[in-house]
Amino acid sequence: MGAPARASPRLCRLLLPGGAFLVLLLYLSSLRLQLHRRSACIWGGQPCHWLGDLPPNEEEGEQLPPLPAPAQTLDPLLWQTPHPPCRGQHFQIWHLQSAFAASLTPSREVLIGEYLKGWKELTKFMDSLGTAFGLITRETWSKITIMQDYQSGQHGAHYRTLQSMVTFELANGLVNFHSLPATHPPSGCRTLLRLHRALRWLQLFLDKLGSSEGGDASQMCASAYQETLAPYHSWWVRQAAALAFLAMPSQRELYGIICAEKEQHARTTLLATVRIIAHVYNITQEVFSAHEMLELP
């Protein structure tokens, strides 16, 4: 009997990415098996009948829904009132509130350092949603690291606020409005825009979590993602995200994560957090929109 034929290098290169993605899907799916809430994929509140089939047709020029009305002026007591710590928990929601509240100056400037502190707290929250969110957390940390490198670099003084960063990078031709070559480092504006889009996703999710009674947290998260980040992600990324949402804790478990003894306390805390995040988001949105940067590649 002759020696078995070897697969061509070209065939191996074609099969390996698909095999790796299949392993990822199986791993994420296994995280959900132990949870009895439901086994069907939920995508934007509807079953994902196409999960595992051929990708649906991509729509060109898909637009995000209109922005909500600008947030009202924040009550200083909202973040200055002491919050009891959640003993033994890595995530402390009052740290999140304080960081984002402190990122705004009286003149409506966004302090990048405090903004990044707020995002560091959000990564702790995402860690509490389950191991399937690890990829999202690592991608977020890569953006935080890029921004911190800019702040500690030669031109760090220009990266103190969002407004000063935009002015500096535009004046020096550092913002690419058409494409991002593989050898071109991402600008601070492009990097912070990615965090900005993700902040909208988490803002909507926390709002749904705090406004709904007895809802399904994974469906809320999937719906918020579909309204915000999904139009910017490839079909493959959307599949991985959908499976990650299925492995999330329940709404009641999430209330425990924010250290709320009663449901009404949890909802009040979440909606207060949403108000703070929305205020930061709306001002950031105004800056990017004024300079036509909302669609940077």
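Helices here are DSSP runs of H or I with at least four residues, and strands are DSSP runs of E with at least two, both numbered from the N terminus. Residues are numbered from 1 along each chain as its sequence is written. The model is predicted, so local features are given at a pLDDT of at least 70 and side-chain atom pairs at 80 or more, while totals for chains, interfaces and linings use all residues, and side-chain values use heavy atoms, leaving out hydrogens and water.

**Figure 1. The whole chain and its confidence.** Let us start with the overall picture. The protein holds 11 helices and 2 strands, in the order α-β-β-α-α-α-α-α-α-α-α-α-α from the N terminus. The mean pLDDT (the predictor's confidence in each residue, from 0 to 100) is 78, and 71% of the residues reach 70 or more. Among the elements, helix α6 (residues 162-171) has the highest mean pLDDT, 98, and strand β1 (residues 42-43) the lowest, 33. Over residues 1-82 the pLDDT is below 50, although this stretch has 100 contacts in the model beyond near neighbours in sequence. A contact means heavy atoms within 4.5 Å. Where pLDDT is low, the predicted coordinates should not be read in detail. Of contacts between residues at least 6 apart in sequence, 73% join residues at least 24 apart.

**Figure 2. The largest nonpolar core.** A nonpolar core is a set of buried Ala, Val, Leu, Ile, Met, Phe, Trp, Tyr and Cys residues joined through side-chain atoms within 4.5 Å. Buried means under 20% relative accessible area, exposed means over 50%, and partly exposed lies in between, using a 1.4 Å probe and protein chains only. Buried residues make up 43% of the 297 residues in the protein. The largest core has 66 residues, and those touching the most other members are Phe100, Tyr115, Trp119, Trp201, Phe205, Phe245 and Met248. Helix α7 (residues 188-211) gives this core its largest share, 12 residues. In soluble globular proteins, nonpolar side chains tend to be buried together.

**Figure 3. Cysteine 221 and phenylalanine 245.** Cysteine 221 sits in helix α8 (residues 217-228) and is buried, at 0% relative accessible area. Setting aside neighbours within four places in sequence, Cys221 contacts Phe133, Trp201, Phe205, Phe245 and Met248. Its C-alpha is 9.2 Å from that of alanine 242, a residue 21 places away in sequence. With residues up to four places away again not counted, phenylalanine 245 touches Phe133, Trp201, Ser218, Cys221, Ala222 and Tyr225.

**Figure 4. Two leucines in helices.** Which helix holds leucine 254? Leucine 254 belongs to helix α10 and counts as buried, at 1% relative accessibility. Beyond four places in sequence, its contacts are Leu129, Phe205, Leu209, Ala217, Met248 and Pro249. Leucine 129 is 125 residues away along the chain, yet the two C-alpha atoms are separated by 8.1 Å. Leucine 116, in helix α4, is also buried, at 2% relative accessibility. Outside its neighbours within four places, Leu116 is in contact with Ile144, Met147, Gln148, Gln151 and Leu195.

**Figure 5. Cysteine 259 in a loop.** Cysteine 259 lies between α10 (251-257) and α11 (263-290). Is this cysteine buried, partly exposed or exposed? Its relative accessibility is 31%, so cysteine 259 counts as partly exposed. Its C-alpha is 8.0 Å from that of glutamine 92, with their positions 167 residues apart along the chain.

**Figure 6. Two residues with positive phi.** Most residues other than glycine have a negative phi. Arginine 108 has a phi near 65 degrees; this residue is in the loop between α3 (93-102) and α4 (112-127) and is partly exposed, at 41% relative accessibility. Glutamate 292 has a phi near 55 degrees; this residue is in the segment after α11 and is exposed, at 67% relative accessible area.
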